Amino acid sequence: MSDRRNFIKKAALGSIGISTIMSCGEVVEKNQDDNLDNSVKPNKKPVIISTWNHGLPANEETWKQLKKGNSPLDAIESGMKIPEGDPKVRSVGYGGFPDREGKVTLDACIMDHNSNCGSVSFLQGIKHPISVAKKVLQNTPHVMLSGKGALQFALSEGFVEENLLTAEAEKDWKKWLEESKYKPVINMENHDTISMLMVDGEGNLSGGCTTSGAAWKMHGRVGDSPIIGAGLFLDNEVGAAAATGLGEAVIRTAGSAMVVELMRQGKSPYDACKEIVERIYNKHKNHKDMEYLQVGFIAINKNGEHAGYSLRSGFNYAICDEEKGNRMEDAQFKMSWDN
Ligand code: SD4
């Protein structure tokens, strides 16, 4: 059996239970018929994947923008602005949980197929950090702007400063203050970045991340989400990956970059995500963070094969493609929360 066939078989086997892998079968078959070489061939049908339930409306908007002929970065920005602007989404943008001082501080990044990246961290008072990150990519010689400098830049670009702490978030913060117990709270309700990855119609990869970070974090704390290589990474020759969960653990292990590196070595998105989650578990099993540790990854390769995998149960991601539309998929996981 050829290396290529081995690779395809491994990818498929490694992804049992990820139903949407099947939708890529057609692309794989075509490549085999065409007698192509062993490298992963670009997917010409767009696929968008995003973390968590708020990935659904984000995917829908991104898909719409892509179909209208807008650029992948513009489409990603438009999609991610939906949860950023939604006060009911308590972990992203406007309405996000504040830090221990009652300040909403935001992290975001965006990356294109040419490895151009833009990122903002510890940004306050701007509802759409993903848009500021895109401006950093387009209009500065830098990759990342932080804190007051990021705000100054945003204002110079015409963004408007506004209060992002909703009455609801303020109420929750005041409740938290009663005990002021500093322990990151990781679960679906209050700690969920939106990370989005895309293979566009040209077979190119792009992605973005945006979050208000861990609830009740220390003022000034920055998570993995704006850090290229940690919260998001892509290599247009290989694939893309993005993280959710406890940013400290993802930064310690250069999580998303490692997932992409494993895909470069021939692993399927599923196997690559699983191996890095295992690595994070092994590095943290005796760590003080283990009690509340949750990390999850999504990944997609050039063929449009994708997967999600998390340390603990409860992680899901949204997928949008031509064949099956926009829907949720539960990620496989290593252990339940009782462990
Ligand atoms: C952080 N990773 O700031 C982000 C938050 C997150 O799911 O992903 N929540 O650590």
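Is tryptophan 216 buried or exposed, and what is its relative accessible area? In this predicted model, tryptophan 216 is buried, with a relative accessible area of 7%. The ring of tryptophan 216 takes part in aromatic pairing, and a search of the whole structure returns four aromatic pairs. One of these joins phenylalanine 97 and tryptophan 216 in an edge-to-face arrangement, with 5.2 Å from centre to centre and 65° between the planes. Because phenylalanine 97 is located in the loop between α4 (72-85) and β2 (106-111), while tryptophan 216 belongs to the loop between β6 (205-211) and β7 (232-235), this pair ties together parts that are 119 residues apart in sequence. Phenylalanine 97 is likewise buried, at a relative accessible area of 9%.

A further pair is formed by tryptophan 176 and tryptophan 216, whose ring centres are 5.5 Å apart and whose planes meet at 15°, so that the pair is stacked. Distant parts of the chain are linked here as well, since tryptophan 176 lies in helix α7 (residues 167-179) and tryptophan 216 in the loop between β6 and β7, 40 residues apart. Tryptophan 176 counts as buried because its relative accessibility, 12%, falls under the 20% cut-off. Through these ring pairs, Phe97, Trp176 and Trp216 are linked into a cluster.

Charged side chains also sit over aromatic rings. The charged end of arginine 90 is placed over the ring of phenylalanine 97, a member of the cluster, at 4.6 Å from the ring centre. Lysine 334, in turn, lies over the face of tyrosine 281, with a distance of 4.7 Å to the centre of that ring.

How values were computed
Residues numbered from 1 in each chain as written. Predicted model: local features only at pLDDT ≥ 70, side-chain atom pairs only at ≥ 80, totals over all residues. Heavy atoms only, no water. Phe/Tyr/Trp six-rings, centres within 6.5 Å; stacked < 30°, edge-to-face > 60°. Helix = DSSP H or I, 4+ residues; strand = E, 2+ residues; numbered from the N terminus. Buried < 20%, exposed > 50% of the residue type's maximum accessible area, 1.4 Å probe, protein only. Lys NZ or Arg CZ within 6 Å of the ring centre and 35° of its normal.
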